[in-house]
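These are my notebook entries on a structure that is new to me. I set down what I looked up, topic by topic.

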Amino acid sequence: MSKQLITFPVSGMHCASCSLNIQRALKKTAGVIEASVSYASEQAVVGFDPSQVSQNKIMAVVKSLGYQPDKADKAVELKNLKLKLFVGGTLAGLLLLSMLITVPVWLLWLVATPIQFWAGWGFYQGAWSALKNKTSSMDTLVVLGTSTAYFYSAAVTLFKLDGHTFFETAGVIIIFILLGKFLEAKAKNQASQAIDKLLALAPSTAHLVLKNNIIKDIDAGSLKVGDLVLVKPGEKVPVDGVIIKGASAIDESLVTGESLPVEKNIGDKVIGATLNTSQSFYFKAESVGENTTLSKIIQLVRQAQGSKPTVQRLVDQISAYFVPVVLVLALAAFFISGLTGFIAVLVIACPCALGLATPTSIMVAVGKAAQMGVLVKSAPSLEIAAKVKTVVFDKTGTLTVGKPAVVGIYWHAIKNKTQALLLIGAAVGQSSHPLAQAIKAYLAKISLGRLPVVSDFKEIAGQGIKATISKNKVLVGNQKLIPAAPKSAQETTAVWAQINDRVVIRFNLFDELKPEALAAISALKQLKINSVMISGDQRPAAAKVAKALKLKKYYAKVQPEDKVKLVASLSQTQTVAMVGDGINDAPALAKAHLGIAMGAGTDVAIESAGMTLLRNNLTLVPRMIKLSRKTLTNIKQSLFWAFAYNLVLIPVAMLGKLNPILAGLAMAFSSVSVMANALRLRKVKL
């Protein structure tokens, strides 16, 4: 049995239960091996046997449920929601004025109608979809509560019956919950841009080498396997291939996580979207289109986002049972105490407090997080953070500064050290290589004075630089350039300097730890959370960092696809958070239960994550986990009080002892208590 995997967008979902309904239907389809649908990313990942079912059939299953297997226009969706909030909010404000001044009932009816059936139309669509799929959700509760209040009030107005109208109640409920939908849609829209940023990484043009060495600039997407391509210094490699002429240093940090540029010579492979930092070279294209490393990373992000377990909101889970129970109780109340009891039960059971409990606590927590310097992308991120048991840290740029720096120098026997440093400073000043720049930055801190003039300079790819300065022959580089240089430990990068055939100094370069890294790891340990480090660097360099941070577990030489596998493996038994900053971290950030991106990282990493540390301070990670735990506790408290009102007052309403007006007041008071409880989060000490 052959297995094919496809990833496609799904639009039209109204809540988390929609994704579960689609997922169940797909899994029941003959020929479908596995299916995962994410409401958060609005993506589906389906594994199927092409000999039994076609892609068109899979799409038809989605359409039959009332959803579309294509990408919705988020800009239009947000614009429509914003318009509904503005117009509906204004009308709801007019309805609330009726509580202070006398307003004709027919006018209230007129104002409430567009809120109910225009602003609130999306809730009706969601409730209808749930009904067709024999389930219920928050939309079901909203429609039941507001529709009963609206139509009861309309009947009172139309037939001039004795009774209180609830137009203001129905209108305000819809606007409050519509606000939550707007904030959710806005967050999802930002997260969905990660793929676009990944696609933008690849250069748009390439220098194609034709016969007679004629160079022609073409669209990089039109390159074919076997094409000869020129890459100049400072340019990105357009596709994957192998060098056939020239040599250079390639910055692969965005793709592999390797903190230092990698020396490339004839026969070495180069990766598309990596940066050529040194010299021009020619390479033959080997992987193009969907087969490049960058394209595979994009696919990994798509699959990780689509296959991420959907965090079912606690309210939606309870609502699945709550709605049928309320309907039965309301019908029972009708037979016990008539229409008044029926209306009172539905009004007191109206999900206003339920709808506010989670989003209000989330909004307060998100505001506090912003003051701390943390951007929270979605409500589920806070919920998941409270349950995190293991935090996986990328090394380069996350635990470390992300660029080489001189961490030590070792002199050989030499009398005039100042003169030697002047010659070395003049030589490295001519090179744009990151290691040379690191030495230049180190020497700049020393007051050497005016540097001598370089009369001859040559940069040798993969080795170092040669220079003639005031008749002195200066070499700065590795052991390939300076064979007389003794071997050094692999945990740092060694750069030697030789003056007139005499080795004079060794510079040790290392990607230094961030000053707060150890404090962050220690704080997580106090929260009983395990910390794990993964790195694309060599094992000695990774081991040195792990030792400095007192980490018991670390992984070295980890490629992007291996990061995803590692995170997926850990996620099977515990809730995992991934902290990273590079493009190579994006798939793992998406695959983890919670992705946390560093603010100084790439846009792709930031948009693939659920949280972003704006102040780029690692100690924010344990503080956010603390805040998330307190937020989840706060949500549970609010939900308890919201349900307590229902549990106490529904029996009273069923007996006809609760006037619908008092039911409305009780419902409003429950909302106020929920909001007051949520506001306590502003004063939480972390």
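Entry 1, annotated spans. I began with residues 638-655, in a model that is predicted. This span is 94% helix and 0% strand, and its end C-alpha atoms lie 27 Å apart. I chose the span because the unreviewed UniProt entry lists it under the feature "transmembrane region". The record gives that feature also to residues 83-101, 140-159, 165-183, 318-336, 342-367 and 661-679. I then looked up residues 83-101, where the chain is 79% helix and 0% strand. The end C-alpha atoms of residues 83-101 are 27 Å apart.

Entry 2, a nonpolar surface patch. Which residues form a nonpolar patch on the surface? I noted L94, L96, L97, M99, L100 and I101, which together have about 620 Å² of accessible area. I placed L94 in helix 3, which covers residues 74-97, and L97 is in helix 3 as well. L94 has a relative accessibility of 44% and therefore counts as partly exposed. L97 is likewise partly exposed, with a relative accessible area of 39%. I also recorded a contact in space for L97: its C-alpha atom is 9.1 Å from that of E168, although the two are 71 residues apart in sequence.

Entry 3, a charged surface patch. I found a patch of positive charge on the surface, where R615, R623, K626 and K630 gather. I located K626 in helix 21, which runs over residues 620-654. K626 counts as partly exposed because its relative accessibility is 35%.

Entry 4, salt bridges. How many salt bridges does a search of the whole structure find? I noted two. Side chains of opposite charge can pair when their charged atoms come close.

In one salt bridge, the side chains of E286 and K269 meet at 2.9 Å, N to O. This pair links distant parts of the chain, 17 residues apart: E286 belongs to strand 12 (residues 281-287) and K269 to strand 10 (residues 269-270). I compared each partner with the cut-offs: E286, at 35% relative accessibility, counts as partly exposed, while K269, at 53%, is exposed.

In another salt bridge, K563 pairs with D394, and their closest N and O atoms are 3.1 Å apart. Here the partners are 169 residues apart in the chain, with K563 in helix 18 (residues 560-571) and D394 in strand 14 (residues 390-394). Are K563 and D394 buried or exposed? I recorded both as buried, a class that requires under 20% relative accessible area.

Entry 5, loop residues. Most residues other than glycine have a negative phi. I therefore noted K471, whose phi is positive, near 70°. K471 sits in the loop between strand 17 (464-469) and strand 18 (472-477), and at 81% relative accessibility it counts as exposed. N500, also not a glycine, has a positive phi of about 50°. I found N500 in the loop between strand 19 (493-499) and strand 20 (502-513), partly exposed at a relative accessible area of 38%.

I closed with K528, in the loop between helix 16 (517-526) and strand 21 (530-534). K528 counts as exposed because its relative accessibility is 74%. The C-alpha atoms of K528 and V388 are separated by 9.8 Å, with the two residues 140 apart along the chain.

Methods: Residues are numbered from 1 along each chain as its sequence is written. This is a predicted model: local features need pLDDT of at least 70, side-chain atom pairs count only at pLDDT 80 or more; totals for chains, interfaces and linings use all residues. Side-chain values use heavy atoms; hydrogens and water are left out. Patches are made of residues with over 30% relative accessible area and no salt bridge: like charges are joined within 9 Å, nonpolar side chains (Val, Leu, Ile, Met, Phe, Trp, Tyr) within 5 Å. Accessible areas come from the Shrake-Rupley method with a 1.4 Å probe; for residues, only the protein chains shown count as cover. Helices (H or I, at least four residues) and strands (E, at least two) are DSSP runs, numbered from the N terminus. Buried means under 20% relative accessible area, exposed over 50%, partly exposed in between (1.4 Å probe, protein chains only). Lys and Arg count as positive and Asp and Glu as negative; His and the chain ends are not counted. The place of a charge is taken as NZ of Lys, CZ of Arg, CG of Asp or CD of Glu. UniProt positions are given in the numbering used here, feature names are shortened, and annotations may be inferred rather than shown by experiment.
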